[in-house]
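Biologist: I have the sequence and the model open. Can you take me through what the coordinates say?

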Amino acid sequence: MLLSIFNRLIEHYGPQNWWPGDTVIEIMVGAVLTQATSWKNAESAVETLKTNNLLSPKSIRNLDQNTLGNLIYSSGYYNVKAKRLKALMNYIYDQFNDDIETMSSCDIETLRNGLLSIHGIGEETADDILLYALEKPVFVIDSYTKRIFSRLGLTPLHGSYKLYSDFFTKNVCLNSKLYGEYHALLVIHGSATCKPIPKCKECCLLDVCKTGVENMKFSSIC
DNA sequence: GGCCAGGACACCA
DNA sequence: TGGTGTCATGGC
């Protein structure tokens, strides 16, 4: 079932090849800046940092909070996000001495717990970083994922993050490439048609919604 | 002018 | 444990 949904989405929207970003740090910064913000606004802030040659842990740590806030103004919540970016870069220095390879070599649980210990890094942002920056096989759950799968009748709308993440990892084989593409497609689909007020006529999953999914629940795609 | 966008956290009941 | 307010800009 989950594979058929994936196939339908990729046929309709094409491969997304997420995350847009040239370096691990750029992806991490983007993950924080896009919190509750459209990617366009976040991307503009990432570009500002990039053009000022400030996309490194050390550069971000050395910026004072107000200056960093001004640089990322377009991403919204700029005071909050400036603090969060500095906290993330402090963590990378404290734990890994800014060595991304050392960081990448850690196991998922250690990394996830470490990221979640940073003020301002929640489950979704931590998993964005794990999946797209560090290429770990974790499934990112966001509001679009919850909205889409609850409307398909597969999961409860207000299910916990763990409920959703277990739903995917137990039914879709552990593969960071697949997980990355799947999440990207859900975001693209969600932002296109699965709004708070859905545009059902334009939804490429419409017939899946109509036929029901009882018989296909929890079937593995691997 | 209002709604929404690739969240997280503090506070309260 | 779950609901609500706050943080904020930019596009439609």
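Biologist: Leaving aside neighbours within four places in sequence, which residues is Arg 84 in contact with?

Modeller: Arg 84 is in contact with Val 32, Gly 120 and Ile 121. Two residues are in contact if their C-beta atoms, placed from the backbone, lie within 7 Å. This is a predicted model: local features need pLDDT of at least 70, side-chain atom pairs count only at pLDDT 80 or more, and totals for chains, interfaces and linings use all residues. Residues are numbered from 1 along each chain as its sequence is written, while chains are lettered from A and ligands numbered from 1 in the order in which they are written.

Biologist: How far apart are Arg 84 and Ile 121?

Modeller: Along the chain they are 37 residues apart, and their C-alpha atoms are separated by 7.3 Å.

Biologist: Which helix is Arg 84 in? And why does Arg 84 count as partly exposed?

Modeller: Arg 84 sits in helix α6. Helices (H or I, at least four residues) and strands (E, at least two) are DSSP runs, numbered from the N terminus. Arg 84 counts as partly exposed because it has 19 C-beta neighbours inside 10 Å. A residue is buried if 20 or more other C-beta atoms lie within 10 Å of its own, exposed if 12 or fewer, and partly exposed in between, with C-beta atoms placed from the backbone.

Biologist: What about Glu 26, which residues does it touch beyond four places in sequence?

Modeller: Glu 26 is in contact with Gly 21, Val 46 and Leu 55. Glu 26 belongs to helix α2, and with 18 C-beta neighbours inside 10 Å it counts as partly exposed.

Biologist: Now the core. How many residues has the largest nonpolar core?

Modeller: That core has 52 residues, and those with the most contacts inside it are Met 28, Val 29, Leu 85 and Ile 129. The largest share, seven residues, comes from helix α2 (residues 24-33). Both domain 1 (2-15 + 140-216) and domain 2 (24-133) give at least three residues to this core. A nonpolar core is a set of buried Ala, Val, Leu, Ile, Met, Phe, Trp, Tyr and Cys residues joined through C-beta atoms within 7 Å.

Biologist: What does Ile 129 touch?

Modeller: Not counting residues up to four places away in sequence, Ile 129 touches Met 28, Ala 31, Leu 115 and Leu 134.

Biologist: You named two domains. How many residues of each are in contact?

Modeller: Seven residues of domain 1 are in contact with six of domain 2. On the domain 1 side, α12 gives the most, with three residues. That side has four nonpolar, two polar and one charged residues. Ala, Val, Leu, Ile, Met, Phe, Trp, Tyr, Cys and Pro count as nonpolar, Asp, Glu, Lys and Arg as charged, and the others, Gly among them, as polar. The domain centres, taken over C-alpha atoms, are 27 Å apart, and the bounds come from an automatic or database domain assignment.

Biologist: On to the DNA. Which residues come nearest to strand B?

Modeller: Gln 35, Trp 39, Gly 122, Thr 125 and Ser 191 come nearest, out of 26 residues around DNA strand B. A residue is near a strand if its C-beta atom, placed from the backbone, lies within 6 Å of it. Helix α9 (123-133) gives the most to this surface, with four residues. By class, the surface near DNA strand B has 10 nonpolar, 11 polar and five charged residues.

Biologist: And which are closest to strand C?

Modeller: DNA strand C is surrounded by 13 residues, of which Ser 74, Gly 76, Tyr 77, Asn 79 and Val 80 are the closest. Here α6 gives the most, with three residues. The classes are five nonpolar, seven polar and one charged.

Biologist: Which residues of α10 are buried?

Modeller: In helix α10 (residues 143-151), Thr 145, Lys 146, Ile 148 and Phe 149 are buried. Their cover includes α11 (161-171) and α12. After α10 comes Gly 153, with a positive phi near 85 degrees.

Biologist: Last one, the whole chain. How many helices and strands does chain A have?

Modeller: Chain A has 13 helices and zero strands. Of its 222 residues, 29% count as buried. Its C-alpha trace spans about 55 × 35 × 30 Å along the principal axes.
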